[in-house]
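Hi everyone, thanks for coming. I'd like to walk you through one structure today, strands to begin with and then a pocket. Let me put it up on the screen.

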Amino acid sequence: DTLSVVFTPTDTTNYNSATESVSLVVAPAPLSVTANSASRAYGQNNPVFAGTLAGVVNGDNITATYSCSAIPISPPGLYPIVPSLVDPGNRRGNYSVTSNNGTLTVTAGPPPTFTGITPNKGVTNGGTSVTITGSGFELGASVTFAAQSAASVVVNSGTQITALTPPGPLGAANVVLTNPDSTSATLTNG
């Protein structure tokens, strides 16, 4: 941008007119958005996330939202809380933005439990789809039948898993569910 000035004297006998121009560099205003860290127990819903937005000027209508990919059955661990700017007036270009994630700490809940498995019989060559019910099931859980890994494991919720049985010997088999946080539950002769 160029800033110009024109001097027009009222006394033109003793003073001359003058003009001058100078370049003016306008730097973007600093804007920072920082998500607050939070924690919750496994199996619970995420809390409402919050944070701090600093540096909005000139009445610009910029606000922030905060989100996290963790869901109630995400295993215990650390998850980023990511801030996002909401800018309905398209004013972000006037700012130099610094964004800082927060951390959601998911703490371990109680160990998993079994309440049942349906059906409780299958063929020895495997491939039987079974539904396991209980509590405390985490995303990424594994299931074994007689120490053989299930062909497929889908954690439908914290209380239900669908798995395909592996091939195995005739007879009752222990069913073991192991969560990513190393907690496990065993259904003896399941």
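In what sense do E1 and strand E2 pair, and over how many bridges? They run antiparallel, and 6 bridges join E1 to E2, which covers residues 18–23. Before I go on, please keep in mind that this is a predicted model. If you want a spot to look for in that pairing, find Ser4: its bridge partner in E2 is Ser21. Now, how many of the residues of strand E1 are buried? The count is 0 among the 6 residues, 2–7, so to speak a strand that is hardly covered.

Let's move to the sheet. Here 3 strands come together as an open sheet, ordered E5-E3-E8, with mixed pairing. Why do E5 and E8 each have one side without a neighbour in the sheet? Strand E5 (51–54) and strand E8 (95–100) stand at the edges and have a single partner strand each, so one side of each stays free of a sheet neighbour. From one strand to the next, the twist averages 10 degrees.

Within that sheet, strand E3, residues 29–35, pairs with E5 over 4 bridges, in the antiparallel sense. You can spot Thr34 there, standing opposite Thr52 in E5.

Last stop, the pocket. The largest one holds about 460 Å³ of space. Of its 24 lining residues, those closest to the centre are Lys121, Gly122, Pro169, Gly171 and Ala173. What is the lining made of, by class? There are 13 nonpolar, 10 polar and 1 charged residues.

That's my tour, and I'm happy to rotate the view for anyone.

Definitions and conventions
Residues are numbered from 1 along each chain as its sequence is written. This is a predicted model: local features need pLDDT of at least 70, side-chain atom pairs count only at pLDDT 80 or more; totals for chains, interfaces and linings use all residues. Side-chain values use heavy atoms; hydrogens and water are left out. On a 1 Å grid over the protein atoms alone, a cavity is a set of points where a 1.4 Å probe fits but cannot get out, and a pocket is an open set with protein on both sides within 12 Å along at least five of seven lines; lining residues have an atom within 4 Å of a point. Grid points are joined across faces, edges and corners, and a volume is the space filled by probe spheres set on the points. Ala, Val, Leu, Ile, Met, Phe, Trp, Tyr, Cys and Pro count as nonpolar, Asp, Glu, Lys and Arg as charged, and the others, Gly among them, as polar. Two strands pair if DSSP finds at least two bridges between them. Helices (H or I, at least four residues) and strands (E, at least two) are DSSP runs, numbered from the N terminus. Axes are lines fitted to C-alpha atoms, for helices over the stretch in contact, and angles run from 0 to 180 degrees between N-to-C directions. Buried means under 20% relative accessible area, exposed over 50%, partly exposed in between (1.4 Å probe, protein chains only).
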